[in-house]
There are 2 protein chains.
Amino acid sequence: MAVYTQCSAEDIEAFLEDFNVGKLRMAKGIAEGVQNSNYLIETDQNRFILTLYEGSVNPDDLPYFHELTAHLANKKLVVPAAIPNKSGAVVNELCGRPACLIQFLSGISVSEPTPAHCTSVGAVLAQLHLAAADFPMTRRNDHSLPDWRLLAAKVSGQTDAIDPALGPLIEATLSQLATSWPTDLPCGAIHADLFPDNVLFSGTNISGLIDFYFACSDFYAYDLAVLINSWVFSADGHQFFADRCDALIQGYQSVRNLTPMEKKNFGVLCKGAALRFVLTRTHDWINTPATAFVTRKDPLAFVRRLRWFQKNDIAL
Amino acid sequence: MAVYTQCSAEDIEAFLEDFNVGKLRMAKGIAEGVQNSNYLIETDQNRFILTLYEGSVNPDDLPYFHELTAHLANKKLVVPAAIPNKSGAVVNELCGRPACLIQFLSGISVSEPTPAHCTSVGAVLAQLHLAAADFPMTRRNDHSLPDWRLLAAKVSGQTDAIDPALGPLIEATLSQLATSWPTDLPCGAIHADLFPDNVLFSGTNISGLIDFYFACSDFYAYDLAVLINSWVFSADGHQFFADRCDALIQGYQSVRNLTPMEKKNFGVLCKGAALRFVLTRTHDWINTPATAFVTRKDPLAFVRRLRWFQKNDIAL
């Protein structure tokens, strides 16, 4: 949530000389994106986001992300397309970092989605899945069950400081998922991280889907399970909102019907998605000093979701 | 250089309901301003900066800053005027902080000013001084000689870790300034911190003067000495650029001639301005952990300027 690499206006002006986008008029470092540096810039022609990749994104993955957003943009989804420079290159370099000039999308992210927002986001996720069906590239989900096991091993023995029940819960859930995780569901390119801060709205209409840096090939229904985890609970996980959940599922199925196998496995997928964020947040919590400027996200917010999914089913 | 208070779009929407500025379309936290939180926001009518004051600015001083920018804006200086809400109030509250909605000014800040930039900034500072002459409010400069003594006492004994010569240099300069600091020069409202990052350009034309949170009543020529310190040296203080300096002084005097007394005292004012930044940077350096996310600014960059002013005179 900060600008890690400080670029001067002169640096950005020189970078833009390789593009046909006009002359720089404004550049503001924006506190957005967890681990990249982002500038909102304006030329005499248009506005753009200029992203510098700070190491958490593997530069080898950038072509996948950019081809995917180009593919989706072609199919009229409101995703930010990367802008090629005069030589056609999308990934360039600025201040020693891989850097991309990206289409700017207006809109605001909601913190407390209404059911109307949830209907919209459910529908757009299904549109994304249909539009991605003929996308030819693939990328392994590096936050999936085998990776959760590795992450669990890494944090093992250090979770008691957060909550003594956390370690046993992680182990029990991993054992359960090992025997129940589905192997054959409709799959393709998914966003995998479509939290409210990655969706821009104009009113209740979606004006942008952003931050595709976790996009990968996995089950469509898993992407929907991530959405359920991130849109239909209070941020701290204490409250489940049935009206938001119904609206979200109804929005999704208004565009793409879940198959019987997807419905059957949906509870397991929801638990897996909750565990994914329990594990990454636990890992980050342990590895971020309490005094660091970056805000640590509470792993227990997703422990509460996981426990909810252990006791309840989503109506499909 | 970060957003300290996270406001949701809903918080900002609710805040804007008290203003006649239209409906929120975009809100981005921007990494700007040393100790405030700033959002660049856009409504269907216009763009604005939304500033939340985080404690380093005394809320009692806000009326001075806002009246001054209103006064200067009235006289056609490109300064950001604060926007009153429907009840006429300029300082309101958002997320538990005093907050102001401020006019957005486009433009970019240069890191390596050319002589043409320096001519422009010299001229605009003189315009600011002329325009401020009939501004009726006053505010004591709380970064002036008596405050430097207090700051020097605070850092005393802790400067060796930065440079063993730093402590003696501070003491010697303070003694020298005690007997040479002028008491009667033309004075009025000054900006007091017009570094390159507080000036926005469109080409070499000035499109904005921002960040008036050090503005105060003091000698006009001291404001010019701050400008000399911040525009005509390399950032690290190793290099003095005579062409920038000549252009800056010529730009200033094209609008307002320095008096003989201002010229006579200018060397002392330049040393004082250098010491002011040596002291605040030394204090911040000692009080900012090296691991903190905030970038510490090197006090030695201004020690080098101070030493330059000890050996050289500015041609006036």
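Me: Before looking at any particular pair of helices, how should I read the handedness of a crossing, and which hand does the crossing of α6(B) past α8(B) have?

Reply: A crossing is left-handed if the near helix is turned anticlockwise from the far one by less than a right angle, and right-handed if clockwise. In this structure, which is a predicted model, α6(B) passes α8(B) in a right-handed crossing.

Me: At what angle do the axes of helix α6 and helix α8 of chain B cross, and what does that make α6(B) with respect to α8(B)?

Reply: Angles under 35 degrees count as roughly parallel and those from 65 to 115 as roughly perpendicular. The axes of α6 (residues 220–231) and α8 (residues 260–287) of chain B come within 8 Å and cross at roughly 55°, which makes α6(B) oblique to α8(B). On the α6(B) side the contact involves, among others, B:Tyr220, B:Leu224 and B:Ile228, and these residues meet a set in α8(B) that includes B:Phe266, B:Leu269 and B:Phe277. By residue class, the contact of α6(B) with α8(B) divides into 13 nonpolar, two polar and two charged.

Me: What is found for helices α6 and α8 of chain A?

Reply: In chain A, the axes of α6 (residues 220–231) and α8 (residues 260–287) come within 8 Å and cross at roughly 55°, and α6(A) and α8(A) are therefore oblique to each other. The crossing of α6(A) past α8(A) is right-handed. Its contact residues include A:Ala221, A:Val226 and A:Asn229 of α6(A), together with A:Glu262, A:Cys270 and A:Arg276 of α8(A), and the contact as a whole divides into 13 nonpolar, two polar and two charged residues.

Me: Where does B:Leu275 lie, is it buried or exposed, and which residues is it in contact with beyond its neighbours within four places in sequence?

Reply: B:Leu275 belongs to helix α8 of chain B and is buried, with a relative accessible area of 0%. Leaving aside neighbours within four places in sequence, B:Leu275 is in contact with B:Trp148, B:Ile170, B:Thr173, B:Leu174, B:Leu177 and B:Leu306. B:Pro299 lies 24 residues from B:Leu275 in sequence and 9.6 Å away in space, C-alpha to C-alpha.

Me: How many disulfides are there over all chains, and why is the sulfur of B:Cys216 not in a bond?

Reply: A disulfide is a covalent bond between the sulfur atoms of two cysteines. The cut-off applied here is a pair of cysteine sulfur atoms within 2.5 Å, and the count comes to zero over all chains. The sulfur of B:Cys216 is 10 Å from the closest cysteine sulfur, in B:Cys187, and is therefore too far for a bond. B:Cys216 also counts as buried, at 0% relative accessibility. In chain A, the sulfur of A:Cys187 has its closest cysteine sulfur in A:Cys216, at 10 Å, which is too far for a bond.

How values were computed
Residues numbered from 1 in each chain as written. Chains lettered and ligands numbered in written order. Predicted model: local features only at pLDDT ≥ 70, side-chain atom pairs only at ≥ 80, totals over all residues. Heavy atoms only, no water. Axes fitted to C-alpha atoms, helices over the stretch in contact; angles between N-to-C directions. Helix = DSSP H or I, 4+ residues; strand = E, 2+ residues; numbered from the N terminus. Parallel < 35°, antiparallel > 145°, perpendicular 65-115°, else oblique. Contact = heavy atoms within 4.5 Å. Nonpolar A, V, L, I, M, F, W, Y, C, P; charged D, E, K, R; others polar. Buried < 20%, exposed > 50% of the residue type's maximum accessible area, 1.4 Å probe, protein only.
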